[in-house]
Amino acid sequence: MNETVLVFGVVLGAAAFVLWRFLPANLKARIAPNAGSSCSSGGCGSKDCDGGSCH
Amino acid sequence: MSAPHVPEIALVGCPNAGKTALFNQLTGSRQKVANYAGVTVERKEGAFVTPAGRSVKVLDLPGTYSLRGRSPDEIVTRDVVLGRQKGEDVPDAVVCVADATNLRIVLRLVIELMSVGRPMVLALNMMDVVEKQGGRIDVGKLSAELGIPVVPIVAIRKGGISELLAAIDRLPLEAADPSPHGWREPTAEEIRATHATAARILKACSFHPGDEKLTRKLDAVLLHPVWGVLVLLAVLFLMFQAVFTWAKPAMELIQATIEMVGVFVGASLPEGLLKSLLVDGVIAGVGAVLVFLPQIVILFFFIILLEDFGYMARAAFLMDRLMAGTGLHGRAFIPLLSSFACAIPGIMAARVIENRRDRIATILVAPLMTCSARLPVYTLIIAAFVPEDAEVWGFGLQGLTMFGLFATGIVSALLVAFVLKKLVWKEEPEPFIMELPDYKWPAPKNVAIGLWIRAGAFLRRAGTIILAIMILIWFLSTFPAPPEGAAGPAIDWSFAGRLGHFLEPIFRPIGFTWQIVVALIPGMAAREVAVGALGTIYALSSTGDEMHEALKPILSQQWPLSTALSFLVWYVFAPQCASTIAVIKRETNSWVWPAVHFGYMFVLAYAASFATYHVVEALTR
């Protein structure tokens, strides 16, 4: 595989991941209703914010 | 002819007292018995026949600590007991189920329930556990003190159930008042009086070896207004010293491994984009964050240990005196404590505060508490600028500086709360009553599981969101490439470099370079990313021998002390977390408070950094 294609693929994947992570919950639910919510705030990285285990 | 009245009994008690287990024993229903607080959230009705042949209905009510009703569950319990609940008959009697191992909590509820005046039995559950622990409860004396029948039971093994049924049979069920009770919320004075009565009865009727031997002796020191605060400060101080000294070997090992991987990958791949992405982006960026894992594990080791030992509630008690002076409600301690891990659960925990202004004040100051995401930033700058062997009165200066940064966060939060509550809103906090658990040795398994969860969460973050952001930063710092024959580092020509140079004039008065400005932007996604971003930016900015140097020596060579301290101060105050802003919006259901939060923290951060930079510049020039 061409190195440039591979690198830009990784960058695009990372951009999509970050975008998804920070997408508001209502938009996420519309796009993928069964995807399961991550931390309700989006960026904290925990699925269990209520349990206080964000970091 | 109308059907005969079937007496109804309400099962009331604190959460986890064993109401559901007793309900099952009485009615034979197949309801799930669990140990989680608030499991009885639905209305559950059953029926049984007493030994005397009386048919009785029984209601299993949600757990509550008092009749004041703070949550919807507790309000249902209160309203059913008082006969105010729509669609429910007024109960003819109350069976209060008590966890005998924690009699102190339930006695207050018993006293409140007795004031309602319905026929009542106290079922003392888990008496077997009390005896196993070497404790004892004088049931006859307790019954005499309270003036109601008291029956020891073991709900999960049917122990004492026939005695309880006999006691129910002796209750004057038909004579109960069928009208709703005119109960009112007790005043703070009445609550204190109830506590005093409960404490007196407890002392007269029960003996717990833990209470006598350990808890009381330790509390005499740990809750002392002077010694208690000194011990709290010493504990916090020890914690931050340990974060630096214990973590050092593990950090050095991780750092060496990351460098080795970087050298290996660099040597294995040909020059090109992929090599740059892996070495400068992924390894330099994520590695710069990963190296702080040992410190985060040590910090949480202390927090979990103190929590399991029962000290955290004491710390809350000590802090409550201080918080009341600033106008914060006592319940704010838990949200503020949670914010040491992350402001997000802290802000969400503020839901327990009823008064809206108390809650908003807590939400606004919670991000000032030092969250674990700040730790990598603090550690990096302290390690780069504070000499490792420097001591003040025998204590390491690095640990002292970290302690100072945490203390600055706490003091600032209290000052902001004071300004809001006392000067702007001019409100006094409501009284706060708190249950102090007995001391117990932390179970190693619990501590290990807690650490595993924390370390796992940190590694997941490093492997997901931080990794993704590092890749984007590498991209923004690499493209567009410099034109042919351009001099200087390539990053100057990149998107990130241009953005950094564009924004630099705003931050120049506080001593920030364009590299710092660039690192602050992804730091909005997660604070600790700034460290990784600095790693990537300096890796891409450097040339020749500097290329594989660790970030710490680069910063100590390139930043003046004034910039380093200004950066630290910025991190204490800056509103640098987009997730926090989002959660404030959600919890307050308004954009006003996120805007207030961002505005006041930005102004505070800028002003404090400005002052720090210029004072240090003047002193070191």
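1. Let me start with chain A, which has 2 helices and 0 strands. Of its 55 residues, 31% are buried. Please keep in mind throughout that this is a predicted model.

2. Chain B holds 26 helices and 10 strands. It has 621 residues, and 44% of them count as buried. Taking contacts in chain B between residues at least 6 apart in sequence, 72% join residues at least 24 apart.

3. On to the cores. The largest nonpolar core has 126 residues, and those touching the most other members are Ile347(B), Tyr378(B), Ile381(B), Ile466(B), Ile471(B), Leu472(B) and Leu568(B). Helix H19(B) supplies the largest share of this core, with 14 residues. A second core is separate from it and has 51 residues, among them Val56(B), Val58(B), Leu113(B) and Val121(B).

4. Leu472(B) deserves a look of its own, since it links the two chains in this note. Leaving out residues up to four places away in sequence, Leu472(B) touches Val11(A), Ala14(A), Ala15(A) and Val18(A). Leu472(B) is also among the residues that touch the most other members of the largest nonpolar core.

5. Ser477(B) also belongs to helix H19 of chain B. Is Ser477(B) buried or exposed? With 27 other C-beta atoms within 10 Å, Ser477(B) is buried, because the cut-off for that class is 20 or more. Ser477(B) and Thr536(B) are 59 residues apart in sequence, yet their C-alpha atoms are 8.2 Å apart in space.

6. Helix H19 (residues 444-478) of chain B also packs with helix H12 (residues 293-309) of chain B: their axes come within 9 Å and cross at roughly 145°. The crossing of H12(B) and H19(B) is right-handed. From H12(B), the contact uses Leu293(B), Ile296(B), Val297(B), Phe300(B), Phe301(B), Ile304(B), Leu305(B) and Asp308(B), while H19(B) offers Asn446(B), Val447(B), Gly450(B), Leu451(B), Arg454(B), Ala455(B) and Phe458(B). By class, the residues of this contact are 11 nonpolar, 2 polar and 2 charged. As a reminder when reading such lists, an α-helix has 3.6 residues a turn, so residues three or four places apart point the same way.

7. Now to H24 (residues 561-573) and H26 (residues 592-620) of chain B. Their axes come within 8 Å and cross at roughly 160°, which makes H24(B) roughly antiparallel to H26(B). The crossing is right-handed. H24(B) contributes Leu561(B), Ser562(B), Thr563(B), Leu565(B), Ser566(B), Val569(B), Trp570(B) and Phe573(B) to the contact, and among the residues from H26(B) are Met601(B), Leu604(B), Ala605(B), Ala608(B), Tyr613(B) and Val616(B). In this contact there are 11 nonpolar, 6 polar and 1 charged residues.

8. H24(B) has another partner in H18(B): the two pack at an angle of about 40°, with their axes 10 Å apart. That makes H18(B) oblique to H24(B). This crossing is right-handed too. Leu405(B), Thr408(B), Gly409(B) and Ser412(B) of H18(B) meet Leu568(B), Val572(B) and Phe573(B) of H24(B). The tally here is 4 nonpolar, 3 polar and no charged residues. Phe573(B) therefore appears in the contact with H18(B) as well as in the contact with H26(B).

9. Helix H16 (residues 356-365) of chain B is mostly covered, with 8 of its 10 residues buried. Which residues of H16(B) are buried? They are Asp358(B), Arg359(B), Ile360(B), Ala361(B), Thr362(B), Ile363(B), Leu364(B) and Val365(B). These buried residues pack against helices H14 (333-338), H15 (343-349), H18 (397-424), H25 (578-588) and H26 of chain B.

10. One last residue, Met251(B), lies in helix H10 (residues 248-268) of chain B. Met251(B) is partly exposed, because 19 other C-beta atoms lie within 10 Å and buried calls for 20 or more. Leaving aside neighbours within four places in sequence, Met251(B) is in contact with Val291(B) and Pro294(B). Met251(B) and Leu290(B) are 39 residues apart in sequence and 9.0 Å apart in space, C-alpha to C-alpha.

Note on methods
Residues numbered from 1 in each chain as written. Chains lettered and ligands numbered in written order. Predicted model: local features only at pLDDT ≥ 70, side-chain atom pairs only at ≥ 80, totals over all residues. Axes fitted to C-alpha atoms, helices over the stretch in contact; angles between N-to-C directions. Helix = DSSP H or I, 4+ residues; strand = E, 2+ residues; numbered from the N terminus. Parallel < 35°, antiparallel > 145°, perpendicular 65-115°, else oblique. Left-handed = near helix turned anticlockwise from the far one by under 90°. Contact = placed C-beta atoms within 7 Å. Nonpolar A, V, L, I, M, F, W, Y, C, P; charged D, E, K, R; others polar. Buried ≥ 20, exposed ≤ 12 C-beta atoms within 10 Å, placed from the backbone. Core = buried A, V, L, I, M, F, W, Y, C linked by C-beta atoms within 7 Å.
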